[in-house]
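Please read the following account alongside the sequence and the model. The account starts from a cavity and works outwards to the whole chain.

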Amino acid sequence: MSYKNTIGIIGVGHVGLPTVLGFAELGYNVIGVDEDKEKISNLLDGKPSIFEPKIVELLNKHLSTGLISFTDNLVKAVKSCEVLFVCVGTPQKENGEADLSQVERVAILIAQNINAYKLIVEKSTVPIKTSQWIKKCIEMHLANNEEFDIASNPEFLQEGKAMDNFFNPDRIVIGIESKKGERILREIYKPFKEKLFVTNLNTAEMIKHASNSFLALKISFINMVSDLCDATDADIHKVAKGIGMDPRIGPSFLDAGIGYGGYCLPKDLRAFAKIGDQYQVDFSLLKQVDQINERRIDILVSKVINALLKFDGKTIGILGLSFKPNTDDIREAPSLKIIHQLLEKGYLLRLYDPQAMDNIKQVIPSNSKVIFTSSPYEAAEQSNALLILTNWDEFITLDFSKIKLTMSSPVIIDGRNCLNPEEIKRLGLKYYSMGRS
Ligand code: UGA
């Protein structure tokens with residue numbers, strides 16, 4: 001451990017909390033700040049507000065070691081920390097642009113309470129040139145002549161793997177234009193020094209947007225090809241494997257299905273396209289990526305309608321509601337749009353997810369058309385089709401012969417291509433997938 005001062009993390013959500021715990025595990029003293037008082041008091045009781053593997057253990061471990069503390073008092077954190085990582089939300093506005101009001105509030109508070117040199121490190125995903133804008137914003141509100149620097153240190157953590165990603169980063173991008181700030185960040189990230197990639201501010205911000213947009217592009221590409229596989233009796237699973245064996249393409253992010261969701265990929269891609277428009281650069285490629293992704297919902301719903309025609313069935317079991325496995329996050333989850341479409345078409349739904357039930361109950365009203373169940377087997381009971389919308393491991397190992405006995409008609413629609421088609425068909429269930437016909 002090389003950096004001796006307490007590190008401040010502002011915003012302790014999906015990005016901030018793993019960062020607090022990761023730094024603590026490296027041996028640093030860390031203070032997490034959030035304006036949500038309830039979130040802070042739960043964290044102090046060892047109860048995180050998000051589900052993420054290893055978080056509960058690390059939280060309780062470092063509440064005991066005393067390396068972490070939490071507060072809702074941003075002013076106190078500003079005064080006591082030299083380095084402040086900004087991890088607040090940057091939600092999408094109606095027009096697709098990023099809403100920077102939380103970042104602005106934090107910047108102004110830092111400026112008004114500055115009492116010594118500060119290094120403000122922007123970690124939330126923000127449009128290109130935001131760090132320069134933060135700098136100007138702080139200069140405008142600066143209470144005195146204290147020095148400060150701005151850095152951009154975009155986050156590449158994936159939900160569901162955040163702690164593993166923290167300890168095994170592919171790269172740590174640092175946009176910084178001052179020697180002092182660079183030296184401090186090199187000290188903090190010393191355990192990962194081989195992974196550091198230092199650039200200027202705008203380049204670091206661009207890397208983040210370009211990365212997430214490229215990942216979305218890969219997914220929409222493979223989904224487009226999977227539709228052609230459906231139409232031509234080719235197998236997308238093998239096509240993806242075959243193309244991914246070329247090291248120039250690589251095997252990851254080529255899983256076809258119902259499309260990408262979550263808080264980052266959809267929002268960041270749209271924000272990047274907006275930035276392209278702003279600078280009159282043709283980003284229509286990214287707009288197509290978004291449209292292909294939106295169409296995944298209609299394609300899945302058409303598969304349900306086609307599959308059920310023969311059975312005249314109206315009850316559908318749904319396994320998986322979170323936008324991906326190992327998280328309870330349902331923001332921009334494809335499941336939400338699919339649920340709304342199926343309800344509009346008059347189906348009765350039986351929903352199940354291992355972690356996201358509490359979140360889903362807050363956005364889908366419980367009524368005679370929606371039944372919240374407590375196991376995958378209960379969701380399957382009396383249903384005319386069982387949809388898999390998230391590839392939780394738990395679903396792959398289900399006893400499908402038992403499920404078949406309780407279903408009204410044995411139809412599986414695997415929106416994530418996570419089951420073994422031969423196995424399911426051998427048990428006498430009808431199997432539909434996304435491009436594995
Ligand atoms: C994404 C990026 O992968 C992270 O590197 C980045 O730090 C993060 O956004 C962020 O900006 O904060 P995340 O939103 O956690 O991470 O989710 P991903 O693992 O990227 O998955 C996104 C969606 O794509 C999920 O709905 C997933 O099911 C879907 N997906 C992923 C596919 O449909 N096919 C694939 O092959 C891979």
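Helix α12 gives the most to the lining of the largest cavity, with three residues. Helices here are DSSP runs of H or I with at least four residues, strands are runs of E with at least two, and both are numbered from the N terminus. The model is predicted, so local features need pLDDT of at least 70 and side-chain atom pairs count only at pLDDT 80 or more, while totals for chains, interfaces and linings use all residues. Residues are numbered from 1 along each chain as its sequence is written, and side-chain values use heavy atoms, with hydrogens and water left out.

The lining of the largest cavity consists of Ile258, Tyr260, Asn293, Glu294, Ile297, Glu332, Ala333, Pro334 and Lys337. A cavity is a set of points on a 1 Å grid over the protein atoms alone where a 1.4 Å probe fits but cannot get out, and lining residues have an atom within 4 Å of a point. At least two residues of this lining come from each of α12 (284-309) and α13 (334-344). By class, five of the lining residues are nonpolar, one is polar and three are charged. Ala, Val, Leu, Ile, Met, Phe, Trp, Tyr, Cys and Pro count as nonpolar, Asp, Glu, Lys and Arg as charged, and the others, Gly among them, as polar. The space in the largest cavity is about 50 Å³, where a volume is the space filled by probe spheres set on grid points joined across faces, edges and corners.

In total the structure holds three cavities of 30 Å³ or more. The second largest has about 40 Å³ of space and is lined by Glu122, Ser124, Thr125, Val126, Ser152, Pro154, Glu205 and Lys208. Its lining divides into two nonpolar, three polar and three charged residues.

Arg296 also lies in α12. Its relative accessibility is 1%, so Arg296 counts as buried; buried means under 20% relative accessible area, exposed over 50%, and partly exposed in between, with a 1.4 Å probe and protein chains only. Beyond its neighbours within four places in sequence, Arg296 is in contact (heavy atoms within 4.5 Å) with Asn223, Ser226, Asp227, Gly257, Ile258, Gly259 and Met434. Ile258 is thus named twice, as it is also among the residues lining the largest cavity.

Asp358, in helix α14 (residues 357-363), counts as exposed because its relative accessibility is 57%. Asp358 is 14 residues from Phe372 in sequence, and their C-alpha atoms are 9.9 Å apart in space.

Helix α1 (residues 16-25) has nine of its 10 residues buried, so it is largely enclosed by the rest of the structure. The buried residues are Gly16, Leu17, Pro18, Thr19, Val20, Leu21, Gly22, Phe23 and Ala24. After α1 comes Gly27, with a positive phi near 105°.

The protein as a whole has 18 helices and 14 strands. Its radius of gyration, taken over C-alpha atoms, is 24 Å, and the globule rule (2.2 Å times the number of residues to the power 0.38) gives 22 Å for 437 residues, so the protein is as compact as a globular protein of that length. The C-alpha trace spans about 75 × 50 × 40 Å along its principal axes. Of the 437 residues, 53% count as buried. Among contacts between residues at least 6 apart in sequence, 72% join residues at least 24 apart.

Note on methods: 1 Å grid on protein atoms, 1.4 Å probe; cavity = no way out; pocket = protein on both sides within 12 Å on 5 of 7 lines; lining within 4 Å.
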